[in-house]
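Dear colleague,

I am handing over the structure below, together with my notes on what was found in it. Please read the notes with the model open beside you.

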Amino acid sequence: MAFHSLEQICRLCREENKNFYQVILEDDMQEREASAEASHAKMSQLWQAMVQADRDYDPTLRSASGLSGCDGGRAAAYYASADSYCGDFIGEVVTRAIQMAESNACMRRIVAAPTAGSCGVLPAVLIPCAHRYQLSDQQVEEALYVAAGIGQVIASRAFIAGATGGCQAEIGSASAMAAGALAYLKGGNEEVICHAVAIALKALLGLVCDPVAGLVEVPCVKRNVIGAVNAMTAADQALAGIQSFIPVDQVIDAMREVGEKMASSLRETGLGGLAATPKGMEVTL
Amino acid sequence: MNIFEILGPVMVGPSSSHTAGAVRIGYMARKILGETPVKAQIQLHGSFAATGSGHGTDRALLAGLLGMEPDDSRIPYSRQVAHESGLAFSFENVNLRDAHPNTAVLTVWGKEGNQVKVQASSLGGGRIMVNQIDGIRVDFTGEKPTLIVQNEDKPGVLADICYARYSQDVNIATLQLYRNQKGGYAFTIAETDTDISEDVIQALPHMQGILKVIRIASEEEK
């Protein structure tokens, strides 16, 4: 039985004295009639595929349209040598987000999380964290369960596709999932996780899906960066004890309402926003 | 949606609907044909026609026809693989009536002379729906183990099909019947909770009125 609210997950955490990850794992075992080992094996495959995709980035590749490619290499070189504003750690997050999103645009193998267009967000925060905090695969996989549980609630109450809810539903959801995962990795309990999710999603509320020529490239690649960085600042705020005034489930409902009010030209049709600018219209296939 | 529909699939980019879903459509058409395809005429409708080339939709459909799955790193090179493995292909854009924006129609010929025309759409997240087989309306996703039986539209055939499944202790989740005209050809499509054994598949074609049996295995079994 998939969860319809984060409150429902929190209640189970409290009543059964379990953490967020355990609740999601047990629900998956029940839902798919799988053992804990079988479920973990599947999650482990996804994590390994993310790590492999990150490793396989090729800074010389360009997409078929010519719109994407090579910026991952530029970012890496800049952060390695320059006195950047963001510093090494955030610099690594930015670099990996661009690289993964470029790999996607260039038809390389990635993990949709929750979509292909937003595939850079989760690995961009999890891989640098795994290095910095010496996390085991088990710990990262637990965080992925937390992310997936959050995504499941968002999909159930609202949407996770740009065509239905705009970019807030793709990058916004990915960022909210990543924020929850990061809060969990630092020992945040279910309440802290929910505040991280709410803070992350609120920051990207209203973001439209306006891809130039309908391609998952401009502005999608760089929006993966803001999704990843936003997840880190949201997790830090929640871990500092800062709370979201609007409860998380109501934030998700607001995302749905905003998405439903979005004109169809701003929902992945490539007809509005950046896609409809004179420069955007120059791109033809 | 279960959590592995939120995280995953592992896939070749750039789009779960225009790339991963398109691979599944090609793969499903190959399954329905039931043999190695040697020729394919592919028609693209709606957003598949408008933005397909930038999303690799053409290469994705061909990859599926060649038996590749959405995470196969040869997908970008499938046109070349098709040439090497003797699959002739052509693409054209069409304007279908009342079709989902991401729809393709694949007419496919096999090595042993079979031919089938499959219309399917990509629903998002890599999920697909098969809409028509040989012009007869059907609706199935291929997410569960699926049995597709082409039969003559006459009394008793459905009972035989169900009995074959029951005798193997296979529980039917959904059952759909479609036909072109009364007394003509019909498709019986059964989605089951557990995989259907080879025995059922072997037994069915020998029953009266049954023309063709196609079995689609579940994701786990593959």
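Helix α7 of chain A is largely enclosed by the rest of the structure, because 16 of its 21 residues are buried (a residue is buried if 20 or more other C-beta atoms lie within 10 Å of its own, exposed if 12 or fewer, and partly exposed in between, with C-beta atoms placed from the backbone). This helix covers residues 137–157, and its end C-alpha atoms are 30 Å apart, in agreement with the 30 Å that it should span at 1.5 Å a residue (the expected span being 1.5 Å times one less than the number of residues). Helices here are DSSP runs of H or I with at least four residues and strands are runs of E with at least two, numbered from the N terminus.

Please bear in mind that this is a predicted model, in which local features need pLDDT of at least 70 and side-chain atom pairs count only at pLDDT 80 or more, whereas totals for chains, interfaces and linings use all residues. Residues are numbered from 1 along each chain as its sequence is written, while chains are lettered from A and ligands numbered from 1 in the order in which they are written.

Chain A as a whole has 13 helices and one strand, and 54% of its 285 residues count as buried. Its radius of gyration, taken over C-alpha atoms, is 18 Å, which agrees with the value near 19 Å for a compact globule of 285 residues (by the rule of 2.2 Å times the number of residues to the power 0.38).

Two residues of chain A other than glycine have a positive phi: N17(A), near 50 degrees, and E268(A), at about 65 degrees. N17(A) sits in the loop between α1 and α2 and counts as exposed, with 8 C-beta neighbours inside 10 Å, whereas E268(A), in the loop between α12 and α13, is buried, with 29 other C-beta atoms within 10 Å.

In chain B, cis peptide bonds join G8(B) to P9(B), with omega about 10 degrees, and G13(B) to P14(B), again with omega about 10 degrees. P9(B) belongs to the loop between α1 and β1, and P14(B) to the loop between β1 and α2.

Finally, R179(B) lies in strand β9 and counts as partly exposed, with 16 C-beta neighbours inside 10 Å. Beyond its neighbours within four places in sequence, its contacts include I136(B) and D153(B) (two residues are in contact if their C-beta atoms, placed from the backbone, lie within 7 Å).

With best regards
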